[in-house]
Amino acid sequence: MISILKNSAKSLYSSNSKYLGSFKNNILYSTQKPCFNLQSSTTPFAFQERAYSTDYIFNDSGKKRVLITGGLGQLGYGVASELRKEIGTNNVILSDIKVPDSSVKENGPFVHLDILDPEAIEKIVVNEDIGAIIHFSAVLSALGEQFPQKALDININGTQHVLDISKKHQLRLLIPSSMGAFGPSTVRQNTPDLAIMRPKTVYGIAKVYAELMGEYYNSKHGVDFRSLRYPGIISADSLPGGGTTDYAVDIFHSAVKSNKYNCYLKNDAGLAMMYIDDCVTETVKFFLADNNTLKQRVYNVDAISFTPEELANEIKKQWSEKFEITYAPDFRQNIAITWPEYMNDSKAREDWGYNPKIVSTKDLVSVMFQKINKQKSL
Ligand SMILES: NC(=O)c1ccc[n+]([C@@H]2O[C@H](COP(=O)([O-])OP(=O)(O)OC[C@H]3O[C@@H](n4cnc5c(N)ncnc54)[C@H](O)[C@@H]3O)[C@@H](O)[C@H]2O)c1
């Protein structure tokens, strides 16, 4: 048993993908170089017991290094930092098509990698003794509706490349899925792991593809494929990358900047959400979990559910009574109403001990303002 200090995700980048752009204040803008804030910070939920060994070997050839693709997005850097504490800094290679800030390279191995170049991926897998891939490269839901061809290419072809390389080299492969894999015909409350999956976005269709192909490669070719269906991920340090739930991050920064926020969803658009520290910790826990404990390859994970109005009310209570929210729903509202308000994640809890710490809107708002205030004082 080991105890680890649970640090928050520390990445901060100024914008989204260089060549696609991102949403800010509902406007799509093209982007600049990422920049990172590597100041460490701890949450009130600092220590957690883990019941597994630190001696990880991910395949029969004894390979134990991990490649993270799309590692300069909202989730990659935090997961790399947490995983490096478990298996060693040099055993986790971060990669992305973007150019990293110099501090990224100072904190561990980084390689420039385009997920659409399978030869380049394989070269890294072979030359760097990779035994597992965490595949984060993606075009998120809202951005995917703006650039469907790009989303198809990266989310389906990129995924297929890592599946094929994982089959050839017998790698462990974690590809996150999303509540976006569900659609309007899915039950929106307490959505079970096994539910109707008829998504209406390119992003969602690609997630269903990844889930089904991953399961197929697992049963047919023995690939140790794993996937979590994330809800919207909320972070203070790293900016979201063009998803439908980005409002729940933007609203905090807007509150601090101007004490008001114009929301692109309706006041009552309830959605499933999770705080980034829980996402990072639980993803690493799942990634390192003994394969024998996993009774299925894809799990729902959820933590909090709220509407924009409920979130705004809590911000008013904890930040300022004068905080104002207005609503100007755009195309993202049509996506939001097809996604779960909350998912049933009991199987994840039973099988590998999924256990998020921030489970109320009140605690989420509190931890977000603590983080944002800390950043401001640096
Ligand atoms: N953030 C969320 O709220 C959320 C919710 C559900 C699921 N997910 C899933 O989690 C994973 C990580 O999400 P994220 O929020 O970090 O995404 P993000 O958009 O912030 O980051 C994606 C990264 O992929 C990179 N990328 C794009 N094209 C690439 C290419 N051709 N080659 C290599 N890299 C490329 C981008 O540069 C970016 O750094 C994705 O699979 C996403 O679908 C995220």
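**Exercise 1.** In this predicted model, find the bridge partner of Thr69 in strand β8.

*Solution.* Start with the two strands. β5 covers residues 65-69, and β8 covers residues 130-135. Five bridges join them, and the strands run parallel. Now go to Thr69. Its bridge partner in β8 is His135.

**Exercise 2.** Which residue of β6 is the bridge partner of Ile68?

*Solution.* Locate β6 at residues 92-96. Three bridges join β5 to β6, and this pair runs parallel. Follow Ile68 across to β6. The partner is Leu94.

**Exercise 3.** Sort the residues of β5 by the way they point, and say whether they are buried or exposed.

*Solution.* Recall the general pattern first. In a regular strand, side chains alternate between the two faces of the sheet. Next, take one side of β5: Arg65, Leu67 and Thr69 point that way. Val66 and Ile68 point the other way. Then check burial. Five of the five residues are buried, so the strand is mostly covered, with 20 or more other C-beta atoms within 10 Å as the cut-off for each residue.

**Exercise 4.** Describe how helix α9 crosses helix α12.

*Solution.* Take α9 at residues 308-318 and α12 at residues 361-377. Their axes come within 10 Å and cross at roughly 55°. That angle makes α9 oblique to α12. The crossing is right-handed.

Now list the contact. From α9 come Glu310, Leu311, Glu314, Ile315 and Gln318. They meet Thr361, Lys362, Val365, Ser366 and Phe369 of α12. Finally, classify the contact residues of α9 and α12: four are nonpolar, three polar and three charged.

Definitions and conventions. Residues numbered from 1 in each chain as written. Predicted model: local features only at pLDDT ≥ 70, side-chain atom pairs only at ≥ 80, totals over all residues. Axes fitted to C-alpha atoms, helices over the stretch in contact; angles between N-to-C directions. Helix = DSSP H or I, 4+ residues; strand = E, 2+ residues; numbered from the N terminus. Parallel < 35°, antiparallel > 145°, perpendicular 65-115°, else oblique. Left-handed = near helix turned anticlockwise from the far one by under 90°. Contact = placed C-beta atoms within 7 Å. Nonpolar A, V, L, I, M, F, W, Y, C, P; charged D, E, K, R; others polar. Buried ≥ 20, exposed ≤ 12 C-beta atoms within 10 Å, placed from the backbone. Pairing = 2+ DSSP bridges.
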